[in-house]
Amino acid sequence: MSTVAADLWAWLTGPAHSLIAVCDDVVIVYFLTINTSYLVLILIAVVEFVRRLRRASFAGYDDASSSPFTPPVSVIVPAHNEAVGIVEAIRAMLLLRYPMFEVVVVDDGSTDGTLDALRDAFDLVEVEYVVPDDVPVRGRITSVHLPRGGPVPLVVARKENGGKSDALNLGINLARYPLLCMVDADSILDSQALLAVARPFSDDPMRVVATGGVVGLANGCTVIAGRVVEPHVPPNLLGRVQVVEYLRAFFLGRTGWSKVGSLLIIAGAFGLFRRDAVVAVGGMDGDCIGEDAELVIRLHRYMREQRRDYRIVFVTEPISWSEAPSTLRVLGHQRRRWHRGLTEILLKHRGMICNPRYGRIGLVALPFYVVFELLAPVVELASLVLVPLGVLIGAVDVGFLWRFLLAAYAYAIVVSLVSVAVEEYAFHRFTRWRDVWGALVGVAAENIGYRQLTAWWRLRGLWDALCRTPQVWGSMTRSGFDTSGPVKERGGDRA
């Protein structure tokens, strides 16, 4: 053995030996805690699902759809290079079942003819329009368009490219109604989507300031006339793993957080907000890449500081569908961007963390996101080094290795299996056994390579935020939802 190697081995078997053993113990406790936390959130969500199933036959959607007391909604659709699918998406939104609503489309400097497609489809004409300045808009507004002489509740505005947040802010200024529904241009909404997500505002109009809805993955689903008519699990393994991930973290997890009054994230693909509350906090933050979650945390902060009684609610019905990344490259861009956004949000609102002034948001929800979301990729990747190294140098025995695998991976598989079982019991969306088996395959495959890859992408997003590198959305090619013809490419996210 060389001198250098001997010195390194002596160091590893010295003080570092004990340090690695301690780190390995911390890692196993960490994974036990995070998986138990998810399981607790799922069990809390089960209580909400039981309540929902008991009330399903008394949902009252027929009454709400014809009631003059149902609050009107402005649906805001930011669009950038969405010419391929924007017309079909807007037509489907205009057919939503709701007594009074409007659709406000904001073309954020598209270069692919998005506005031309809308103009031809809806016979738009440019009009002189005084746009309020309730929230700041950075990009210059170039034109506002309305349908020619028709009763179609549609407004289309064009502005210089300024990003999704800036487009949403213009939509907020143009909106006429007290509720704002923010929807991605490529989202597919169920016909009763607005009725479902608006119901909490009717049930508790004085306190509810925001609601979020379930966003399902449309990959592999049968889509006809802008509606998902037959849900299916995606045919490829990457899509199946994402279905399981969405069920556990984005569906059941958020349902649990909502039940305990600590919901921090409403998906940008579909969320409903009270307009006066959004205006009061200054609209969307154009400097944050995770603008949807940042708005929700800012609403929590504002309401707590104003000492107002309020609620932010997650609606458990599956009401919106979106396309998940179908390639590793696109998925990597997405997860890197998401984690960068989370890092920026937590840094911006770090004064709320562990601050009793903000109640359970400051003392429970935000610390959880710091420890088990922000730092998760660091611990995940560190464990892949520390645990084998500990076994190699004798800091821990092989029995510990098995305990680690059970805590980090077998326990995670159990949590995911419970997630699939709960979702199937509550909604029974998948009518074919092959879809159920596909989801189970995704449960098993998630822990073999996928978790490690996402941890690496998330770590890069954390590093980007800490180093303040320029924000780049990247090209997000989509396959589209049209099942009547060949696969088409859709416009990507902003660069």
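Which glycine follows α8, and what is the sign of its phi? That residue is glycine 261, and its phi is positive, near 70°. The model you are looking at is predicted, so please read everything below with that in mind.

**The chain as a whole**

Let's start with the overall picture. The protein chain has 495 residues, and 57% of them count as buried. Its secondary structure comprises 15 helices and 12 strands. Among contacts with a separation of 6 or more, 79% are between residues 24 or more positions apart. About 21,600 Å² of the chain is exposed, and carbon and sulfur atoms supply 61% of that area.

**Helix α8**

Helix α8 covers residues 237-259, which makes 23 residues. From its first C-alpha to its last, α8 reaches 32 Å, close to the 33 Å expected at 1.5 Å a residue. If you follow the helix along, you will meet a bend of about 35° at tyrosine 246. Most of α8 is covered, with 20 of its 23 residues buried. After the helix comes glycine 261, the residue from the opening question, with its positive phi.

**Positive phi outside glycine**

Two residues other than glycine also have a positive phi, and they are set side by side here.

| Residue | Phi | Place | Relative accessible area |
|---|---|---|---|
| Aspartate 123 | near 55° | loop between α5 (114-122) and β3 (124-127) | 37% |
| Arginine 468 | about 55° | segment after α15 (433-467) | 75% |

How do they sit with respect to the surface? Aspartate 123 counts as partly exposed because its relative accessibility of 37% falls between the 20% and 50% cut-offs. Arginine 468 is exposed, because its relative accessible area of 75% is over 50%.

**A nonpolar patch on the surface**

Finally, take a look at the outside of the model around helix α14, which runs over residues 398-427 and includes valine 398. Which residues form a nonpolar patch on the surface with valine 398? They are Trp402 and Leu405, and the patch has about 310 Å² of accessible area together. Why can valine 398 belong to such a patch? Its relative accessible area is 49%, so it passes the requirement of over 30% for patch residues. The same 49% makes valine 398 partly exposed, because a residue must be over 50% to count as exposed.

Methods
Residues numbered from 1 in each chain as written. Predicted model: local features only at pLDDT ≥ 70, side-chain atom pairs only at ≥ 80, totals over all residues. Heavy atoms only, no water. Patch = residues over 30% accessible without salt bridge, like charges linked within 9 Å, V, L, I, M, F, W, Y side chains within 5 Å. Areas by Shrake-Rupley, 256 points an atom, 1.4 Å probe, with all protein chains shown as cover. Salt bridge = Lys/Arg side-chain N within 4 Å of Asp/Glu carboxyl O. Helix = DSSP H or I, 4+ residues; strand = E, 2+ residues; numbered from the N terminus. Buried < 20%, exposed > 50% of the residue type's maximum accessible area, 1.4 Å probe, protein only. Contact = heavy atoms within 4.5 Å. Expected span 1.5 Å × (residues − 1). Bend = angle between axes of the 7 residues up to and from the residue.
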